[in-house]
Amino acid sequence: MSVHDELTSVQRSLDDLLRSVGRLEKQLGTGGLEMRRVRADANHLRESVALLRDAAASPATPKRPELVTISDAPYDSALWRDSDDEGLGARDRRAP
């Protein structure tokens, strides 16, 4: 089966699930926490399947991260003038 066929099958099953949840809501009411949780989970599934369908529709080309060249030259010591050594404090003071 192709991805499109699989997604269509999942969508049909999800539609059946949502209809069943709707029937349960009519019988049990919508006020209970459990029913609200089931409804929210079913809606999250619907959103997730929609995202999968969108992702499958546009084939993702793997993006290579942009490379950044880092020089081997030492850093300017002025960058560290006012810095504290972690756990030791400032260079001109004693550690606590």
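This is a working chat about a predicted model of a protein.

Biologist: How many helices and strands are there in the protein?

Modeller: There are two helices and two strands. Along the sequence the pattern reads α-α-β-β.

Biologist: What pLDDT does the protein average?

Modeller: The average is 82, and 83% of the residues score at least 70.

Biologist: Which element has the lowest mean pLDDT, and which the highest?

Modeller: Strand β2, residues 89–90, has the lowest, at 59. Helix α1 has the highest, at 90. Where pLDDT is low, the predicted coordinates should not be read in detail.

Biologist: OK, helices then. What should α1 span, and what does it span?

Modeller: Helix α1 has 26 residues, so at 1.5 Å a residue it should span 38 Å. Its end C-alpha atoms are 36 Å apart, which agrees.

Biologist: And what about the span of α2?

Modeller: Helix α2 covers residues 33–57, which makes 25 residues. The expected span is 36 Å, and the end C-alpha atoms are 36 Å apart, so the two agree.

Biologist: Which residues of α1 are buried?

Modeller: Leu-7, Leu-14, Leu-18, Val-21, Gly-22 and Glu-25. They pack against α2.

Biologist: Which ones are buried in α2?

Modeller: Met-35, Ala-42 and Val-49. Their cover includes α1, residues 3–28.

Biologist: How much of the whole protein counts as buried?

Modeller: Of the 96 residues, 10%.

Biologist: Back to Glu-25. Why does Glu-25 count as buried?

Modeller: Its relative accessibility is 17%. The cut-off for buried is under 20%, so Glu-25 falls on the buried side.

Biologist: What is Glu-25 in contact with?

Modeller: Leaving aside neighbours within four places in sequence, Glu-25 contacts Thr-30, Met-35 and Arg-39. Met-35 is itself one of the buried residues of α2.

Biologist: What do the side chains of Arg-39 and Glu-25 meet in?

Modeller: A salt bridge, at 2.8 Å from N to O. The pair links distant parts of the chain: Arg-39 sits in α2 and Glu-25 in α1, 14 residues apart. Side chains of opposite charge can pair when their charged atoms come close.

Biologist: Is Arg-39 buried or partly exposed?

Modeller: Partly exposed. Its relative accessible area is 21%, and the buried class stops at 20%, so Arg-39 lands outside that class.

Biologist: How many salt bridges does the structure hold?

Modeller: Two. Besides the pair we just covered, Asp-16 forms a salt bridge with Arg-19. The closest N and O atoms there are 2.2 Å apart.

Biologist: Where do Asp-16 and Arg-19 lie?

Modeller: Both are in helix α1. They are three residues apart, about one turn of the helix.

Biologist: How do Asp-16 and Arg-19 count for accessibility?

Modeller: Asp-16 is at 42% relative accessibility, so it counts as partly exposed. Arg-19 is at 46% and also counts as partly exposed.

Biologist: New topic. What follows α1?

Modeller: Gly-29, with a positive phi near 90°. Gly-29 is placed in the loop between α1 and α2.

Biologist: Which residues does Gly-29 touch?

Modeller: Leu-24 and Met-35, not counting residues up to four places away in sequence. Met-35 turns up again here, since Glu-25 contacts it too.

Biologist: How does Gly-29 count at 25% relative accessibility?

Modeller: At that value Gly-29 counts as partly exposed.

Biologist: Now the outside. Which residues form a nonpolar patch on the surface?

Modeller: Val-68, Ile-70, Tyr-75, Leu-79 and Trp-80. Together they have about 640 Å² of accessible area.

Biologist: Where is Trp-80?

Modeller: In the loop between α2 and β1, with β1 at residues 84–85. Trp-80 is partly exposed, with a relative accessible area of 43%.

Biologist: What does the accessible surface of the protein come to?

Modeller: About 8800 Å². Of that, 56% belongs to carbon and sulfur atoms.

Biologist: Last one. Among contacts between residues at least 6 apart in sequence, how many join residues at least 24 apart?

Modeller: 49% of those contacts do.

Technical notes
Residues numbered from 1 in each chain as written. Predicted model: local features only at pLDDT ≥ 70, side-chain atom pairs only at ≥ 80, totals over all residues. Heavy atoms only, no water. Helix = DSSP H or I, 4+ residues; strand = E, 2+ residues; numbered from the N terminus. Expected span 1.5 Å × (residues − 1). Buried < 20%, exposed > 50% of the residue type's maximum accessible area, 1.4 Å probe, protein only. Contact = heavy atoms within 4.5 Å. Patch = residues over 30% accessible without salt bridge, like charges linked within 9 Å, V, L, I, M, F, W, Y side chains within 5 Å. Areas by Shrake-Rupley, 256 points an atom, 1.4 Å probe, with all protein chains shown as cover. Salt bridge = Lys/Arg side-chain N within 4 Å of Asp/Glu carboxyl O. pLDDT = per-residue confidence, 0-100.
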